[in-house]
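User: I am new to this structure and would be grateful for a close look at a single part of it.

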Amino acid sequence: MTTELEVTLRQAARQGLVGDGQVAGLAAFLNARGRYVPAAAANVTGGLADPPRDIADTESPRFVRGFHDVLITIGIVVALVGLSGLASVLALLPAVILLSEVLVRRQRLALPAVALTIAFVQGAGYLILTAIGPIAEGWDGITYACAFLASYPVLLGLYYWRYRVPLSLALTLISTFGLAVLLVLVLLGRIAGTDQFVAEHSLASALVFLLAALGLFAVAMRYDLSDPQRQTRRSDIAFWLHLGAAPFLLYALIAFVFLERFSPQWPGGDATYLQATVVIAIVSCFMLVGLVIDRRAFVTSGLVSLGLAIWTLLRQNAFEASSYVYVTILSVGVVVLGVGVFWPALRRFVMGFMPESVASRLHAVH
């Protein structure tokens with residue numbers, strides 16, 4: 001069986017770096033000491049067992065290690081739904097802890113760990129709502145949100161400390177940034193003497209959101225740069241952080257486009273031709289960033305905004321209502337397919353313009 005290591009050594013031999021007669025012996029020596037893991041010959045011989053390296057997935061967080069994970073995850077979801085229906089929803093949290101001890105801490109199952117982390121977030125949310133409900137009467141929305149979010153960094157941090165699930169640490173950091181945004185808005189509202197700071201000071205609010213989003217993106221990149229080969233838990237943490245930071249950063253930027261109606265929602269029929277064009281430009285820049293750092297979250301996070309922007313442009317150009325909906329769906333689908341199919345080639349092209357000092361710190365180009 002031809003290994004990836006032997007292919008690499010033969011390439012080195014063709015360049016005169018090692019002798020032709022040394023390839024087999026050197027490959028056996030390194031393999032015997034566990035320096036390289038033998039790879040299937042499909043990449044070399046064109047077999048169907050593995051995809052060509054040019055289209056291999058370069059972003060593969062640990063989700064499923066086998067159908068056993070899928071079966072266990074289905075059991076978790078069904079059991080927890082049944083438990084929450086028969087007993088109080090507060091029984092969800094102890095059940096999640098018990099299952100986490102067995103399936104995450106002992107068996108280290110990947111997909112069940114993700115499912116249990118999400119269930120832990122839901123169970124913690126029910127617990128927090130139950131605790132603050134009796135004392136929250138008369139609170140405004142931001143104060144209530146601050147009280148609700150305040151416990152999440154602690155609870156999720158403890159969950160990560162115990163079970164080392166990458167998603168739990170990512171959610172800890174995301175909730176921390178979210179809480180910081182709310183606290184800053186409350187403080188600025190107190191200074192400005194208003195309870196409607198977001199509505200009355202849309203520019204300052206947009207800047208707060210943007211700074212927090214950039215901070216979260218910086219943390220994600222720190223994890224990414226610490227593991228450019230994407231072989232450790234840090235890469236999985238970076239994946240989840242990017243998945244949260246990408247939409248956060250995208251809508252923080254889009255907020256500047258719609259400052260007159262500062263809202264996380266698209267203003268619908270009130271959007272102008274220019275605003276839709278700017279949104280498309282922002283989404284395109286996000287796709288470019290995603291190619292540079294090799295994270296597809298920056299592509300998927302902008303699909304909804306891209307579709308709404310295209311819809312607005314078509315509506316402004318007097319397309320028939322029965323046509324532009326399907327044209328919008330088709331356009332977004334073509335973009336997704338194009339970026340997905342040509343991702344390796346597009347990334348090689350983009351990285352060709354990057355300085356070597358920057359490219360060397362990022363995930364390698366295949």
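Is Arg-108 buried, partly exposed or exposed, and what relative accessibility does Arg-108 have? Please also describe the helix that Arg-108 follows.

Analyst: The model is predicted, so local features need pLDDT of at least 70 and side-chain atom pairs count only at pLDDT 80 or more, whereas totals for chains, interfaces and linings use all residues. Residues are numbered from 1 along each chain as its sequence is written, and side-chain values use heavy atoms, with hydrogens and water left out.

Arg-108 counts as partly exposed, because its relative accessibility is 32%; buried means under 20% relative accessible area, exposed over 50%, and partly exposed in between, with a 1.4 Å probe and protein chains only. Arg-108 is placed in the loop between helix H5 (92-106) and helix H6 (110-132). Helices are DSSP runs of H or I with at least four residues, strands are runs of E with at least two, and both are numbered from the N terminus. The phi angle of Arg-108 is positive, near 55 degrees, in a residue other than glycine.

The helix before this loop is H5, which Arg-108 follows. H5 has 15 residues, which should span 21 Å at 1.5 Å a residue, and the 20 Å between its end C-alpha atoms agrees with this. The expected span is 1.5 Å times one less than the number of residues in the helix. H5 also bends by about 40 degrees at Ser-100, where the bend is the angle between axes fitted to the seven residues ending there and the seven starting there.

Ser-100 is itself one of the buried residues of H5. The others are Leu-92, Leu-93, Ala-95, Val-96, Leu-103 and Val-104. These buried residues pack against helix H4 (67-86), H6 and helix H8 (152-163), with contact meaning heavy atoms within 4.5 Å. H6 thus appears twice in this picture: the loop holding Arg-108 lies between H5 and H6, and H6 is among the helices packed against the buried residues of H5.

Another arginine offers a comparison. Arg-230 likewise has a positive phi near 55 degrees, and it is found in the loop between helix H11 (202-226) and helix H12 (233-257). Arg-230, however, counts as buried, because its relative accessibility is 14%.

As for the setting, the protein chain has 18 helices and zero strands. Buried residues make up 37% of its 366 residues.
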